[in-house]
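Open your viewer and get ready to select residues. We will go stop by stop.

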Amino acid sequence: MILKKDISKRMMIFLGILLIALVILPHVSTLSTTTLFSRIFIMAIYAMSYDILRGYMGFINLGHALFFGSGAYIVGILFNNIGNTVPMFLVAIVITLIYSSIAALIMGKIVFRSKGGGAASVVAGAMTTLALGEIVRHTAERWRDVTMGADGLSFRIPPVFADRTMFYYYALIFLIVMTLILRQFINSPTGRVLMSIRENEQRAEFLGFDTEKYKLIGLQVSGIASGFSGVMFGVMNRFVNTELLTVQQTLNALLITLVGGTGTLYGAIIGSGFVNIVQSQLLNFRRVHPIFERWLLFFGAMYVIVVIFMPKGFMGLYYSITDKRKSKLQNQTIKETSGKTS
Amino acid sequence: MNIFVTLAINGLAQGALLFLLASGLSIILGLMGVVNFTHGTLFIWGGYVYIWVYTLTESFVFAILAAVVVTFIMGMFFERFFVSRVYGNVPAQILITLGLQVIFTELVRVIWGATPLSIGRPDFLAGAWDIGGVVIVHYRIFLIAVGLFIAVGIHLLLNKTKIGMIVRAGVQRPDMVRALGININTYFTMVFAGGAALAGLAGALYAPLVGSMTSTAGMHNQVLAFIVVVVGGMGSFIGSAGGSVLLGLMGSGVAWFAPGLATVANVGLMAIVLAFKPSGLFGLAVKK
């Protein structure tokens, strides 16, 4: 929908300042703020992976948490059973890559069967993915020998990741690298085809594209990115439980992309910052009134408010402001030139 | 042999409950094209209101009525203030109903606490018959009877009354119905609230069956109801009845022979139906 391929000079300067600020941040802030920002970075990638589906493919996946949670479980199980070393972390990354692409393939094969688009296929897709996510969650809950069931799995991490400040930098690098990769994907010809499918699947098919294949690729890329963010999330918390596989976890990603703006990719970063900061602030208020412990009440309210009043999110707001300014400038120059000629 | 009779009765009772949930969902989807994710929360509200009123008044009938009335009003509220703003926009509908679902499920936890509330069956339904070694629980028979009664009732309402005629016409061509001078928005609200009341009834009847009510039961049953809708065919009343019975019987069979596979079996059935007959087993041949 909205895609700025070339970043303007002003934007470059802004991003540079932002990067410097983020690099300095852990040295001037408290430990809890540093952890909050690490969380924001990781959740941003998770939400971005979701935005590829929701924003660029128009596909509502209610089982997306299965990639995220499984990534966290994979790294946890490996660290717990084989050893908490850096090579094991790399093995976890490779296994997550394989697992996510296979899971996405299976999910896609089931979901993308009903062709033609329209309301019916969106609905069937949402329900099927919801049920698939539930299967994975059930499996994790039942498979107590490996996953410790509903109690959750806590594990030790390699000493390299133990320092919170260092982990903050890893998370920041992870965010930058993944953003560049996903941006590249969206700007690639494959990404363009995905967008054309979102706009009109039938037409894309008539143009000779095997739409099912492209949708599968999109789902796989999204699943892998989500799995990676799950690995990072697991390492950050040193703990995994089935909470990460629930529908609620999928809804987190959905809310973040909604708040930030769907179909913008970068919106996920803004949304993740907003949602996570609001959440931690609300928890700080709980001494004022216990109602603030009920994060989900505010979470749900945010959903409804965003859908009704701000359907395009923060990025949509930003783009509408810049577009207005641009058209104003254009109008002015037109007036000036017409004034001169007359 | 005995076990099969017991399983069949269990399955039919489960199917009756599912039918109450799924029929509302299916008609709402068919008439308004709304994917309603508030159904699960209406279900647990029905259950909690039932338990609350039942422990206060000790009256089964009164508690059921209270659950139905409360969820009916909630349904009207949801439709009037939220869902009606996003007609025609499927993703927005999913999101807004999901948001309402999250809020109202959390409200249940605020009001009644997160721990499960236990509830017994009313005295006149508590017993069980023992016929030649087959144990038949009264309450399950009661559920099957209620399910049949509601099914026949909805069938008559849809096929023999003017209201039903307008609703059926609305499922096929809402714009045409509007062109004939009928204010279809009122019908939208009524159908949505009616579906909500059916979900509340299902929750109220579910609590005594299981013996307790938790705030997580909503999502689980809603997923089942959605599977029924997909399997039976969206917007088809017969489909949701047939799908409910099929899923109920399959659920009780799987629960007995392979308890770990319950969810897998349901999703597997849905995947097969979607693969070979995407419009559902009893799907209408209507394209919207």
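A residue counts as buried when its relative accessible area is under 20%. Keep that cut-off in mind. The model on your screen is predicted.

**Stop 1: a serine in chain B**

Select S240(B). It sits in helix α10 of chain B, which spans residues 237-257. Is S240(B) buried or exposed? Its relative accessible area is 2%, so it is buried. Now show what surrounds the serine. S240(B) touches F19(B), A22(B), S23(B), S26(B) and V228(B), leaving aside residues up to four places away in sequence.

**Stop 2: salt bridges**

Over all chains, the structure holds four salt bridges. Visit three of the pairs below.

- Stay in chain B and select E106(B) and R109(B). Their side chains meet in a salt bridge, 2.8 Å from N to O. The two residues are three apart in helix α4 (residues 90-112), so about one helical turn separates them. Both E106(B) and R109(B) are buried.
- Next, pick E79(B) and R80(B). Here the closest N and O atoms of the salt bridge are 4.0 Å apart. E79(B) is buried, at 1% relative accessible area. R80(B) has 43% relative accessibility, so it counts as partly exposed.
- Move to chain A for E134(A) and R137(A). In this salt bridge the closest N and O atoms are 3.2 Å apart. Both residues lie in helix α5 of chain A, about one turn apart. Both are buried.

**Stop 3: where the chains meet**

Show chains A and B together. The contact takes 36 residues from chain A and 37 from chain B. About 3100 Å² is buried between the two chains, and carbon and sulfur atoms give 86% of that area. In chain A, select M127(A), R294(A) and L297(A). These lose the most area to chain B, together 17% of what that side buries. How many salt bridges are there between chain A and chain B? The count is zero. Residue pairs in polar contact, with both at pLDDT 80 or more, also number zero between the chains. Now color the helices of chain A. α5 (118-142), α12 (247-260) and α14 (295-309) each supply at least two residues to the side that touches chain B. α5(A) gives the most, with 15 residues.

**Stop 4: a nonpolar patch**

Last, select L19(A), I20(A), V23(A), I24(A), V28(A), I176(A) and L180(A). They make a nonpolar surface patch of about 620 Å². α1 (9-28) and α8 (164-187) of chain A each supply at least two of its residues. The largest share, five residues, comes from α1(A). Zoom in on V28(A), which is found in helix α1. V28(A) is exposed, with a relative accessible area of 65%.

Note on methods:
Residues are numbered from 1 along each chain as its sequence is written. Chains are lettered from A and ligands numbered from 1 in the order in which they are written. This is a predicted model: local features need pLDDT of at least 70, side-chain atom pairs count only at pLDDT 80 or more; totals for chains, interfaces and linings use all residues. Side-chain values use heavy atoms; hydrogens and water are left out. Patches are made of residues with over 30% relative accessible area and no salt bridge: like charges are joined within 9 Å, nonpolar side chains (Val, Leu, Ile, Met, Phe, Trp, Tyr) within 5 Å. Accessible areas come from the Shrake-Rupley method with a 1.4 Å probe; for residues, only the protein chains shown count as cover. Helices (H or I, at least four residues) and strands (E, at least two) are DSSP runs, numbered from the N terminus. Buried means under 20% relative accessible area, exposed over 50%, partly exposed in between (1.4 Å probe, protein chains only). Contact means heavy atoms within 4.5 Å. Buried area is the accessible area (1.4 Å probe) that two parts lose on being put together, summed over both. A polar contact is a pair of N or O atoms within 3.5 Å; within protein, one must be able to donate a hydrogen and the other to accept it, and residues adjacent in sequence count only if both atoms are side-chain atoms.
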